[in-house]
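The following exercises concern pockets, salt bridges and surface features. Please work through each task with the structure at hand before reading the solution.

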Amino acid sequence: MSIHISVDMSTKKKLIWCISILSVFLLWYAVFGGKSDTEQYAAMKQSMVEYESLLRETREQILDRLKMCQRECQRWDPDLPVIYTITPTYARPVQKAELTRLSQTLMHISNLHWIVIEDSPKPTPLVENLLARTNLNYTHLIAQTPSNYRRKGSPRGVEQRNAALRWLRKNKTMNDKGVVYFADDDNSYSVQVFDEMRFTKEVSVWPVGLVGGLMVEKPILDPITGKVAGWNAAWRPDRPFPIDMAGFAISLSQILKKSTAYFSYTCYGGWQESHILQQLTTKDHLEPKADNCTQILVWHTRTEAPKLSEENKLAARGIHSNVGVEV
Ligand SMILES: *[C@@H]1O[C@H](CO)[C@@H](O)[C@H](O)[C@H]1NC(C)=O
């Protein structure tokens, strides 16, 4: 059995009118209900003032950024290869300190494009703001490490570096001259290392300080040919390329040519470098830099995790020292 309700046109119209008026009234009540006229006025005025200051701030930010861009463009040399610096990053107490330090090193380098990839489901305001305040050319990407690879012992940065490689292959062509460098946010870089890598033909290499359990890990050159003959590595010297991520750069053309070369979860930490380099080059093609690999221009420094015992005690009581401030 079915009930059929028929309504004539005028009843329908009346019904729609009633519902509309009722919803407007409900909305009005929800927003202003219970408040007096003066309170309403004060609230509206307050929100207008806030909105006005927000607009002013945004405008100032845009103008600042524009000024910086103009300054940067003046320094941009279209004939100089671009250094695509790839930095994976993730949220932790020292993140802003590390990124500030690195960004201010990179600000000394001309024709540099910083690709920052966050291990996060969405871009964070901390990284967004930091990038907006630099005068760098940058691309902000996100790539979250899948949960099954987030446990201790899994290689780090795989998802993020691969996202950057994909971005380069999608957005650059063989007409673009450049070099690709994987610069983690915790290392220390001399501005000179960027000059060394800029004209890399295929893959260039140089020593890295304070890594692999040694003062320096470096390529050993053949004194006659000047080519890479071997390595001084002590930790797993059987790796095909026993070298740190900070110790090599790859030409953009090589990245584009070898378009299937990626980092992989199937090899552990310390083997990522060998994995990617094996797909891109051979030992006899390596170009030694930094005065025949005698200069140390990058150090694999590690920032000590800060002691936050007092903060943790406060947090247990629901108190935080950094309410409303970005640290
Ligand atoms: C590097 O080594 C090669 C060959 O061993 C030599 O010809 C060249 O002068 C060296 N360059 C520097 C900067 O020491």
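**Exercise 1. A surface residue**

In which helix is the place of Leu55? Determine also whether Leu55 is buried, partly exposed or exposed, and which residues make a nonpolar surface patch with Leu55.

*Solution.* The model examined here is predicted.
Step 1: Leu55 belongs to helix α2, which covers residues 37-75.
Step 2: The relative accessibility of Leu55 is 49%, so this residue counts as partly exposed; the class exposed would require over 50%.
Step 3: Tyr51 and Leu54 join Leu55 in a nonpolar surface patch of about 330 Å².

**Exercise 2. The largest pocket**

Describe the volume of the largest pocket and the residues of its lining.

*Solution.*
Step 1: The largest pocket encloses about 1300 Å³ of space.
Step 2: Its lining consists of 46 residues, and those closest to the centre are Arg156, Arg161, Asp184, Asp186 and Arg302.
Step 3: By class, the lining of the largest pocket comprises 17 charged, 15 nonpolar and 14 polar residues.
Step 4: At least two lining residues each are supplied by β1 (82-89), α5 (158-171), β7 (208-211) and α8 (272-280). The largest share, 3 residues, is that of α5.

**Exercise 3. The second largest pocket and a salt bridge**

Characterise the second largest pocket, then examine the salt bridge between Arg92 and Asp185.

*Solution.*
Step 1: The second largest pocket holds about 350 Å³ of space.
Step 2: Among its 15 lining residues, Arg92, Pro93, Leu308, Asn322 and Val327 lie nearest the centre. The lining divides into 7 nonpolar, 5 polar and 3 charged residues.
Step 3: The side chain of Arg92 meets that of Asp185 in a salt bridge, with an N to O distance of 2.8 Å.
Step 4: Arg92 is in the loop between β1 and α3 (95-106), whereas Asp185 is in the loop between β4 (178-182) and β5 (188-189); the pair therefore ties together parts 93 residues apart in sequence.
Step 5: Arg92 and Asp185 are both buried.

**Exercise 4. Further salt bridges**

How many salt bridges does the structure hold? Describe those of Glu310 and Arg236.

*Solution.*
Step 1: The structure holds 9 salt bridges.
Step 2: Glu310 is paired with Lys313 at 3.1 Å, N to O. Both residues lie in helix α10 (residues 309-316), 3 residues apart, about one turn of the helix. Glu310 and Lys313 are both exposed.
Step 3: Arg236 forms a salt bridge with Asp238, with the closest N and O atoms 3.1 Å apart. Arg236 counts as partly exposed because its relative accessibility is 39%.

Conventions
Residues numbered from 1 in each chain as written. Predicted model: local features only at pLDDT ≥ 70, side-chain atom pairs only at ≥ 80, totals over all residues. Heavy atoms only, no water. Patch = residues over 30% accessible without salt bridge, like charges linked within 9 Å, V, L, I, M, F, W, Y side chains within 5 Å. Areas by Shrake-Rupley, 256 points an atom, 1.4 Å probe, with all protein chains shown as cover. Salt bridge = Lys/Arg side-chain N within 4 Å of Asp/Glu carboxyl O. Helix = DSSP H or I, 4+ residues; strand = E, 2+ residues; numbered from the N terminus. Buried < 20%, exposed > 50% of the residue type's maximum accessible area, 1.4 Å probe, protein only. 1 Å grid on protein atoms, 1.4 Å probe; cavity = no way out; pocket = protein on both sides within 12 Å on 5 of 7 lines; lining within 4 Å. Points joined across faces, edges and corners; volume = space filled by probe spheres on them. Nonpolar A, V, L, I, M, F, W, Y, C, P; charged D, E, K, R; others polar.
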